[in-house]
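Visitor: Hey, could you walk me through this protein? I'm new to this, so keep it simple.

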Amino acid sequence: MRLSMLMSLIRPTGPIIVGISLGFTLSLLSVTWVDESCDSNRTGATDEMLLAQPPGSLKGARKPSSISTGTHDNGNIEGEFEPRIVPYKKPAQQDPPKKVFRARYASTELGIREHLFVAVFSSKTTLSTLAVAINRTLKNHLDGRLIFFTPTRNRKLPHGMFVVAHEEERPVPNMFQSIRYLLEHHIAEYDWFYLAQDDTYTQPERLKTLVSHLSMDLLLYMGLPGKFIGGETQGKYCHGGPGFLLSRALLLKLQPFLEHCRTDIISVRPDEWLGRCIIDYTGTSCVDEYEGLNYHSFSSFNLDLLTVENDGFQTAITIHPVTSAELMYRLHKQFSEIELQRTYEEIEKLQSEIKNVSEMAVDGNRSALWPIGIPPPFEPKSRFEVLRWDYFTEEHLFSCVDGAPKCQLIGADRDDVSDVIRVAVEELNKKYYPFVQMSAPRLVNGYRRFDHTRGMEYTLDLQLQATSESGHQKSIAHRVHLVRPLSQLEIIPMPYVTEATRVHVLLPLNSYESQVAMRFLDHCSSNLLETGENAGLNLLFIYEPAEAQKVSSDDVFADVKAKVAAIEQRYPSVKVSWISIKTESSGVPRILDIVSRKHPVDTLFLLVTADTILNSEFLNRCRMNAISGRQAFFPIHFQDFDPRVATPDQASPVSPDLVREAGHFDRNVFEEACFYNSDYMLSRTQMAGDLQENEELLENLDLYDMFVQYSGLHVFRAVEPALRQAYRNRTCDPRLNEDVFHRCLQSTVEARGSRSQLAMLIFEQEQSNST
């Protein structure tokens, strides 16, 4: 009992007692003991410790925190302390951090390579015949690149072909130069290399299928194997005629020994020389089969190929030899029909499988939408999303691009309607064969709409002549529904453009735009010049004859020129150029003719108006969307509404948002444009013939119509959110042609405000008048 009470009293103070005891113990252990004397005559363990020290060399030990008195215990004075001077060494200058290199494309940085590269060996005599046929039948079907090797350089090369001339007539050195070229220029970009002669037809789809099933890291030499003639070389080489495949890994392994092959291996045939080189230095022999994948080639000697229906022809990847370009095209047509038929059969098989599987669904066959395998129709969520059906007949279209209620059915639209009617009759005959045969179709009603989720849909009311098996005929009406589905999305190769191109801004000015030009120059100073934008400003002062006569005494552009001088003084590195043009015409092409001759052909022009507000974002899109020889860019700017109508009871915001109440994208104006000088000059050259017949063509044609009709370029017309124009009560020039003048009036009217805003304004005025 007493023990338990004692423990209960000690327990609260126990940790304190243990802590104090531990503290005293650690303090005693940390005390440094000081010897009174370090005399060298002492014996025992101390003598043993001092054997390695000279007599009298040790001083009495002291605490690290104590200060020396400067004397020994025996009274001798210590030697004076001599400080050691440590020279200052300037730290080594560090190299500036290396700039991180970023590849142009993400695929390069990630090590992603293209799958297949094709090289074709041609000659001077066949480059313009067989090589052209290969280029037309092979290039558009390959995802990679096609190149042609020739031993001599031709003065005139076929259009659209990439040709490399080695200047070497002998076959083996020509093969050596070709392999070295592939290693130097394309080995880092492709996984597989296919080499063939220009008298070989290659079926591109089967070649791509074969390569897609092969691993990129294989040491593979694949083609039609052949035995070496003489010599002690073991293995087989691939015949060059039917073509052969080389893996990237194999070429990399062969690369260090390629020069040895050129000097050590003697052969007359280039394919045999390459086979000996590959076998000697990589140990890889030619094979025509790898893990169930076969390289089939078919010989065309003494055989009418278009009547062959055996398995060898049906599965062949290459046909060799092909003696003429005509035969090459016939082969391509035959193989395309075979592949197309196989595709149709595969589609029918997949549709049948989808239909069978859908029967197991909750709602049965209703879950399999028509047509089977095509995405379902778009379902609108509001009245504004309902897709519009356009009505047409065999002669007219009742939804025209120019806004007219009725127009002639011509061009691609007419071909589209004819094709749809033809397909509809064919499908009806397939469905009712052999009981009824449909003929003599006549379109009664036609509707079509474009569904962005699946394609173009058609509804046709056809009047048909139905003929039974017994020969009875009857005219019947039948409604059919058809869908032209969207095909697989493809990436279209486009030239590489950068945002470093210098933009030359062209601003045509009439005398009544002088005050607006002052505001334009202020915007350019703050948005472009202060930020150091890579752009040049060119002002085009347009004088009428009466104004030009008084230019020395009363210049209508004097204030603008003074503003330009002030800008150049404020920004010494900036030079604003201007040209004075005397003309009675208001046509932009006539003015651009003068400017075009003063600039190089590779100049990028940006045509603007005095109301345009430029910024870096829009200039970058101008550089990216204008492609020399390919594309001209005509942006659609955002036009602000009249603030007296849009915001009558409040101050106008400095930078209003892109909302419906603030303005709209003005599709009636084509005044801003980005294009290259070379493309403009080409367009002017193309319209020279029509200009001789109609001298007023330049007056009646604006820049947009000129590019559409004569340039041959893709005219890129798109809304541009970074390009805005503040509201201004504009006056349309009566000298403009009728269409341009009408568009100007329409643009001016629509810029006043939205329909709801104008209606509210009229309502308020009527209310005030009534009171």
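Guide: Here we'll go over the overall make-up, then one helix pair, then one residue. This is a predicted model, where local features need pLDDT of at least 70, side-chain atom pairs count only at pLDDT 80 or more, and totals for chains, interfaces and linings use all residues. Residues are numbered from 1 along each chain as its sequence is written, and side-chain values use heavy atoms, with hydrogens and water left out.

Visitor: How many helices and strands does the protein have?

Guide: There are 24 helices and 28 strands, taken as DSSP runs (helices H or I, at least four residues; strands E, at least two) numbered from the N terminus.

Visitor: And what share of the 771 residues is buried?

Guide: 38% of them; buried means under 20% relative accessible area with a 1.4 Å probe, protein chains only.

Visitor: Now the helix pair. At what angle do α19 and α22 cross?

Guide: Roughly 70 degrees, and their axes come within 9 Å. Axes are lines fitted to C-alpha atoms, over the stretch in contact, with angles from 0 to 180 degrees between N-to-C directions. So α19 is roughly perpendicular to α22 (65 to 115 degrees).

Visitor: Which residues in α19 meet α22?

Guide: Asp 679, Tyr 680, Leu 682, Ser 683, Arg 684 and Gln 686. On the α22 side, they meet Leu 703, Met 706, Phe 707, Tyr 710 and Ser 711.

Visitor: Is Arg 684 buried or exposed?

Guide: Arg 684 is buried, with a relative accessible area of 18%.

Visitor: What is Arg 684 in contact with, leaving aside neighbours within four places in sequence?

Guide: Asp 593, Leu 691, Leu 698 and Met 706, where contact means heavy atoms within 4.5 Å.

Terms used:
Angles under 35 degrees count as roughly parallel, over 145 as roughly antiparallel, 65 to 115 as roughly perpendicular and the rest as oblique. Buried means under 20% relative accessible area, exposed over 50%, partly exposed in between (1.4 Å probe, protein chains only).
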